[in-house]
Amino acid sequence: MSMTCEVSDELVAEYQKFVKSRKYNTAFVMKINKEAHKVELEDIITHGDIEEIAEDLNPIDPRYIVWSAELSLPDGRKKYPIAMIFYIPSTNPATATVYAATLKTLEKKLNMQKTFELRDADDLTKEWLSDRLMKI
């Protein structure tokens, strides 16, 4: 049995709708359904505060979080990066392996250009994310 979980066309379609909505400072949160052995949408969060999202993350359950941002550059221009946060806390090794094995497939299906790994939800702050997004 493959360690990689399915990334369905339905999930990809939901993600494309999320991107086309052009709403910024929003999150598309995904998890693995262990019984169905596939990645599924858990939530679309539109309240725009990455630190609130961090507070809601379970300290043992990995997640894939796509963040659509609006950043102000020093010269006044705006930048609209989209990046994935691979939240992989200390968890049971089998779960971590399945999430890690599925990551590349998910990145490819969503055409994700940049992924940041996050081990501790307490590190997910506006500053942590802005520092990384400004480099995209």
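Biologist: What makes Lys34 and Pro62 contacts of threonine 95?

Modeller: Contact here means heavy atoms within 4.5 Å. Leaving aside neighbours within four places in sequence, threonine 95 is in contact with Lys34 and Pro62. Keep in mind that this is a predicted model. Threonine 95 itself sits in helix α3, residues 93-109.

Biologist: And why is threonine 95 called buried rather than exposed?

Modeller: Its relative accessible area is 9%, and buried means under 20%. So threonine 95 counts as buried.

Biologist: Let's go to isoleucine 50. What puts it in the buried or the exposed class?

Modeller: Isoleucine 50 comes out at 3% relative accessibility. The limit for buried is under 20%, so isoleucine 50 is buried. You'll find this residue in helix α2.

Biologist: Which residues does isoleucine 50 touch, if we skip those up to four places away in sequence?

Modeller: Trp67, Ile85, Leu124, Thr125, Lys126 and Leu129. Take leucine 124: isoleucine 50 and leucine 124 are 74 residues apart in sequence, yet 7.1 Å apart in space, C-alpha to C-alpha.

Biologist: How about phenylalanine 18: why is that one called buried?

Modeller: Phenylalanine 18 has a relative accessible area of 6%. Anything under 20% is buried, so phenylalanine 18 gets that label. This residue belongs to helix α1. Not counting residues up to four places away in sequence, phenylalanine 18 touches Thr26, Ala27, Phe28, Ile44, Val66 and Ser68. With valine 66, the gap is 48 residues in sequence and 9.8 Å in space, C-alpha to C-alpha.

Biologist: Now the charges. How do you know that lysine 109 and aspartate 9 form a salt bridge?

Modeller: The N to O distance between their side chains is 3.8 Å. A salt bridge needs a side-chain nitrogen of Lys or Arg within 4 Å of a carboxyl oxygen of Asp or Glu, so this pair passes. Lysine 109 lies in helix α3 and aspartate 9 in helix α1 (residues 9-20), so the pair ties together parts that are 100 residues apart in sequence.

Biologist: Why does lysine 109 count as partly exposed, while aspartate 9 counts as exposed?

Modeller: Exposed means over 50%, and partly exposed falls between that and the 20% limit for buried. Lysine 109 has 38%, so it's partly exposed. Aspartate 9 has 59%, so it's exposed.

Biologist: What makes arginine 63 and glutamate 42 a salt bridge?

Modeller: Their closest N and O atoms are 2.8 Å apart. With the cut-off at within 4 Å, the pair qualifies, so we call it a salt bridge. Arginine 63 lies in strand β4 (residues 63-68) and glutamate 42 in strand β3 (residues 38-45), so the bridge links parts that are 21 residues apart in sequence.

Biologist: Are these two partners buried or partly exposed?

Modeller: One of each. Arginine 63 has 13% relative accessibility, and with buried set at under 20%, arginine 63 is buried. Glutamate 42, at 37%, is partly exposed.

Biologist: How do you know that arginine 77 pairs with aspartate 75?

Modeller: The closest N and O atoms of arginine 77 and aspartate 75 are 2.7 Å apart. That's within 4 Å, so the salt bridge rule is met. Both arginine 77 and aspartate 75 are exposed.

Biologist: How many salt bridges does this rule give?

Modeller: Seven.

Biologist: Which residues make up the negative surface patch?

Modeller: Asp43, Glu52, Glu55 and Asp56. Helix α2 (residues 50-56) gives the largest share, three residues. Glutamate 52 has its place in helix α2.

Biologist: What makes glutamate 52 accessible enough for a patch?

Modeller: Patch residues need over 30% relative accessible area. Glutamate 52 has 38%, so it clears that bar. The same 38% puts glutamate 52 in the partly exposed class.

Biologist: Last topic, backbone angles. What is notable about phi in arginine 22?

Modeller: Phi of arginine 22 is near 55 degrees, a positive value in a residue other than glycine. Arginine 22 is in the loop between α1 and β2 (26-33). Its relative accessible area is 62%; exposed means over 50%, so arginine 22 is exposed.

Biologist: And what is phi in asparagine 25?

Modeller: Positive, about 60 degrees, although asparagine 25 is not a glycine. Asparagine 25 is found in the loop between α1 and β2. At 24% relative accessible area, asparagine 25 is partly exposed.

Methods. Residues are numbered from 1 along each chain as its sequence is written. This is a predicted model: local features need pLDDT of at least 70, side-chain atom pairs count only at pLDDT 80 or more; totals for chains, interfaces and linings use all residues. Side-chain values use heavy atoms; hydrogens and water are left out. Helices (H or I, at least four residues) and strands (E, at least two) are DSSP runs, numbered from the N terminus. Buried means under 20% relative accessible area, exposed over 50%, partly exposed in between (1.4 Å probe, protein chains only). Patches are made of residues with over 30% relative accessible area and no salt bridge: like charges are joined within 9 Å, nonpolar side chains (Val, Leu, Ile, Met, Phe, Trp, Tyr) within 5 Å. Accessible areas come from the Shrake-Rupley method with a 1.4 Å probe; for residues, only the protein chains shown count as cover. Lys and Arg count as positive and Asp and Glu as negative; His and the chain ends are not counted. The place of a charge is taken as NZ of Lys, CZ of Arg, CG of Asp or CD of Glu.
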